[in-house]
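Let us walk through this structure together, moving from the whole chain to a few packed helices and some single residues. Keep the 3D view open as you read.

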Amino acid sequence: MQRRRGLDTRDVTRIVVFAAILAVLGVPGAISVFGGAVPITAQTLGVMLAGAILGRWRGAAAVTLFLVLVLAGLPLLSGGRGGAGVFVGPSAGFLFGWIAGAFVVGAIVRFGNRPPTWWRTALGCFVGGALVVYAVGIPVQALVTRLPLGKTALTSAAFLPGDLLKVVIAAAVAMALWRAYPRAFGAE
């Protein structure tokens with residue numbers, strides 16, 4: 001089997017569409033908990049979907065494109081936030097974690113370049129879309145807020161039930177799309 005090099009027009013289109021999906025998932029806004037340092041948003045669902053559907057490289061590229069647009073000042077994060085300031089605040093690590101998270105989701109879902117399965121998709125969404133994002137986000141949040149790492153991690157545990165719901169939704173959507181239109185996934 002010959003390995004493709006570079007991105008073609010379909011790849012670029014998929015990346016742009018998923019960056020737009022991430023933006024749309026920020027429209028409902030955010031729910032602030034525990035002082036609002038890091039809000040609960042639907043955008044992590046978009047990170048999970050990007051990795052699961054686009055694969056590791058294109059999923060990470062879609063998230064990166066989205067974050068570049070945010071850096072440029074577009075108010076695409078939930079609550080209409082944007083600009084360089086969000087990359088030095090308490091949620092900065094979670095934003096950077098989205099890139100690694102989408103990559104890990106895609107790597108697990110399409111492991112061995114195999115078609116996705118429900119259990120691998122759910123596992124990928126949980127490991128990449130929650131655990132990896134937390135692994136990057138919690139230490140940065142602790143650093144920015146000057147709270148102990150353990151306390152910050154305990155506070156972040158409040159996000160787990162919502163993230164588990166997002167894992168189920170992402171896995172269900174990805175598998176439904178796989179059955180209905182497998183060409184949307186492209187080659188990994």
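**A tour of the helices**

H5 passes H6 in a right-handed crossing. The axes of this pair come within 9 Å and cross at roughly 125°, an angle that makes H5 oblique to H6. From H5, the residues that make the contact are Tyr134, Ile138, Pro139, Gln141, Ala142 and Thr145. Their partners on H6 are Leu149, Thr152, Ala153 and Ser156. By class, this contact of H5 with H6 divides into six nonpolar, four polar and no charged residues.

Now step back to the whole chain, keeping in mind that this is a predicted model. The protein chain has seven helices and zero strands, so its order from the N terminus on reads α-α-α-α-α-α-α. Of the 188 residues in the protein chain, buried ones make up 43%. Take the contacts between residues at least 6 apart in sequence: 68% of them join residues at least 24 apart.

The UniProt record adds another layer. Its unreviewed entry lists residues 12-31, 37-54, 61-78, 84-109, 121-144 and 164-181 under "transmembrane region". Two of these spans are worth tracing in the model. Over residues 121-144 the chain is 100% helix and 0% strand, and the end C-alpha atoms of that span are 33 Å apart. Residues 61-78, by contrast, are 61% helix and 0% strand, with their end C-alpha atoms 20 Å apart.

Next, turn to the N-terminal part of the chain. How do helix H1 and H2 pack, in angle and in distance between their axes? Helix H1 (residues 9-24) meets H2 at an angle of about 160°, and the axes are 8 Å apart. Angles over 145 degrees count as roughly antiparallel, which is why H1 is described as roughly antiparallel to H2. The crossing of H1 past H2 is right-handed. On the H1 side, Arg14, Ile15, Phe18, Leu22 and Ala23 make the contact, and H2 answers with Gln43, Gly46, Val47, Leu49, Ala50, Ile53 and Leu54. Sorted by class, the residues of the contact of H1 with H2 are nine nonpolar, two polar and one charged.

While you are on H1, look at Thr13, which is found in this helix. Thr13 has a relative accessible area of 42% and is therefore partly exposed. Thr13 and Ala62 are 49 residues apart in sequence, yet their C-alpha atoms are 9.9 Å apart in space.

H2 also has a partner from much later in the numbering. Helix H2 (residues 43-54) packs with helix H7 (residues 160-180) at an angle of about 35°, with the axes 9 Å apart. The crossing of H2 and H7 is right-handed. Thr44, Leu45, Met48, Leu49, Ala52 and Ile53 of H2 take part in the contact. H7 contributes Asp163, Lys166, Val167, Ile169, Ala170, Val173, Ala174 and Leu177. The contact of H2 with H7 has 11 nonpolar, one polar and two charged residues. Leu49 and Ile53 appear in the contact of H2 with H7 and also in the contact of H1 with H2.

Ile53 leads on to the loop between helix H4 (92-109) and helix H5 (118-145), where Pro116 has its place. The C-alpha atoms of Pro116 and Ile53 are separated by 9.0 Å, although the two are 63 residues apart along the chain. Is Pro116 buried or exposed? Its relative accessibility is 6%, so Pro116 counts as buried. Leaving aside its neighbours within four places in sequence, Pro116 is in contact with Val109, Arg110, Thr121, Met175, Trp178 and Phe185.

The loop between H4 and H5 also holds Asn113. Its phi is near 55°, a positive value in a residue other than glycine. With a relative accessible area of 39%, Asn113 is partly exposed.

Our last stop is the loop between H5 and helix H6 (149-156), where you will find Arg146. Arg146 is not a glycine, but it has a positive phi of about 60°. At 75% relative accessibility, Arg146 counts as exposed. This brings us back to the pair where we began, with H5 oblique to H6.

How values were computed:
Residues numbered from 1 in each chain as written. Predicted model: local features only at pLDDT ≥ 70, side-chain atom pairs only at ≥ 80, totals over all residues. Heavy atoms only, no water. UniProt positions renumbered as here; feature names shortened; annotations may be inferred. Helix = DSSP H or I, 4+ residues; strand = E, 2+ residues; numbered from the N terminus. Axes fitted to C-alpha atoms, helices over the stretch in contact; angles between N-to-C directions. Left-handed = near helix turned anticlockwise from the far one by under 90°. Contact = heavy atoms within 4.5 Å. Nonpolar A, V, L, I, M, F, W, Y, C, P; charged D, E, K, R; others polar. Parallel < 35°, antiparallel > 145°, perpendicular 65-115°, else oblique. Buried < 20%, exposed > 50% of the residue type's maximum accessible area, 1.4 Å probe, protein only.
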